[in-house]
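Reader: I should like to learn how to read a few features of a protein model. May we take them one at a time?

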Amino acid sequence: MPQPEQEGVIKFKLHYTPSAGLPLGDEVLSTAVSALNGWRTLCRRLDLIGQDPVRYDGYGFGNISQRVADSFLISGTQTGHVAQLTAEQYALVTACDPAHNQVWATGAVKPSSEAMTHAVLYALDASIRAVIHVHSPDLWHTAVSLNLPQTDPAVPYGTPAMAAEVARLFADTAVGSRGIFSMGGHEDGVVAFGSSLDAAGAILTTALAHASGMKGTD
């Protein structure tokens with residue numbers, strides 16, 4: 001069994017340009033933030049995103065993103081404790097080089113430590129428009145029973161190895177059509193994705209309902 005990893009640690013080389021605003025039109029930014037906050041709020045209510053002193057050494061957990069043109073908006077690192085994020089608490093990831101462990105981003109906050117995993121998913125499939133990374137003990141512990149694709153338990157999050165693992169899942173499993181996978185070496189970590197936030201959220205909540213049903217029969 002791999003040792004639990006500390007949450008919220010940025011493991012990639014981040015080329016970060018601090019900026020009070022994001023280089024997006026007001027309407028585009030407002031629409032994206034509203035959609036992101038809607039699903040993020042639901043995930044917080046379900047304890048899938050947030051911050052809890054008795055979980056993960058008190059660090060924030062979970063993140064959410066949406067593709068915007070050739071970039072993507074993602075919740076800032078260690079913002080799990082914030083009930084409703086403002087536009088300033090999202091970062092814009094403008095480029096990613098997984099092979100060389102590099103991410104480029106701008107905004108008033110740095111991007112989530114899982115930004116590279118999000119970037120790899122967007123790069124693998126142009127139809128993916130949203131990614132939700134949550135922490136769900138119920139889903140994580142029933143991943144095998146639910147036949148969810150899983151990354152190698154030996155591979156840590158936020159690394160080139162994880163990027164390669166996600167690419168492997170696309171090549172070797174039906175993860176592209178399932179829209180969800182479990183992070184085998186990242187305690188309670190589950191990633192859902194889809195053609196929109198609504199699509200990714202529906203995949204996630206459906207899987208959670210199935211996991212809850214299985215738990216209820218224990």
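Author: Let us begin with R67, bearing in mind that the model is predicted. R67 is buried yet has no salt bridge.

Reader: What is the nearest side chain of opposite charge to R67, and how far away is it?

Author: Side chains of opposite charge can pair when their charged atoms come close. For R67, the nearest such side chain is D70, 6.3 Å away. A salt bridge requires a side-chain nitrogen within 4 Å of a carboxyl oxygen, so D70 does not provide one for R67.

Reader: Which backbone oxygen does the side chain of R67 reach?

Author: The side chain reaches the backbone oxygen of D125, at 3.2 Å. R67 itself is placed in strand β4, residues 63-68.

Reader: Which residues does R67 touch, leaving aside those up to four places away in sequence?

Author: With that exclusion, R67 touches F72, Y122, D125, A126, I128 and R129. Two of these contacts, F72 and Y122, lead to the next topic.

Reader: How many aromatic pairs does the structure hold?

Author: The structure holds three aromatic pairs. One of them is formed by F72 and Y122, whose ring centres are 4.9 Å apart and whose planes meet at 40°, a tilted arrangement. This pair links distant parts of the chain: F72 lies in strand β5 (residues 71-75) and Y122 in helix α2 (residues 115-124), 50 residues apart.

Reader: Is F72 buried or exposed?

Author: The cut-off for buried is under 20% relative accessible area. F72 has 5% relative accessibility and therefore counts as buried. Y122, at 6%, counts as buried too.

Reader: Why is the pair of F181 and F193 called tilted?

Author: The planes of the two rings stand at 55°, with the centres 6.4 Å apart, so the pair is tilted. F181 belongs to strand β9 (residues 180-182) and F193 to strand β10 (residues 189-194), and the two residues are 12 apart. Both F181 and F193 are buried. Together with F170, they form one aromatic cluster.

Reader: How many residues of β10 are buried?

Author: Six of the six residues of β10 are buried, so the strand is mostly covered. G189, V191 and F193 point one way from β10, while V190, A192 and G194 point the other way.

Reader: Which residues are the bridge partners of H133 and S182 in β10?

Author: The partner of H133 is V191, and that of S182 is V190. Strand β8 (residues 130-135) is joined to β10 by six bridges, and these strands run antiparallel. Three bridges join β9 to β10, again in an antiparallel manner. In the hairpin of β9 and β10 there are six residues between the strands, and D188 takes a positive phi near 70°.

Reader: Let us return to charged side chains. How many salt bridges are counted?

Author: The count comes to two. R168 meets E165 at 2.7 Å, N to O, and R168 also meets D172 at 4.0 Å, N to O. E165, R168 and D172 are thus linked in a network of salt bridges.

Reader: Why are R168 and E165 separated by about one helical turn?

Author: They are separated in this way because they stand three residues apart in helix α4 (residues 160-172). R168 and D172 are four residues apart in helix α4, which also corresponds to about one helical turn.

Reader: Which members of the network are buried, partly exposed or exposed?

Author: E165 counts as buried at 10% relative accessibility, R168 as partly exposed at 31%, and D172 is exposed with a relative accessible area of 55%.

Technical notes: Residues numbered from 1 in each chain as written. Predicted model: local features only at pLDDT ≥ 70, side-chain atom pairs only at ≥ 80, totals over all residues. Heavy atoms only, no water. Phe/Tyr/Trp six-rings, centres within 6.5 Å; stacked < 30°, edge-to-face > 60°. Buried < 20%, exposed > 50% of the residue type's maximum accessible area, 1.4 Å probe, protein only. Lys, Arg positive; Asp, Glu negative; His and termini not counted. Polar contact = N/O pair within 3.5 Å; in protein donor to acceptor, adjacent residues only side chain to side chain. Contact = heavy atoms within 4.5 Å. Pairing = 2+ DSSP bridges.
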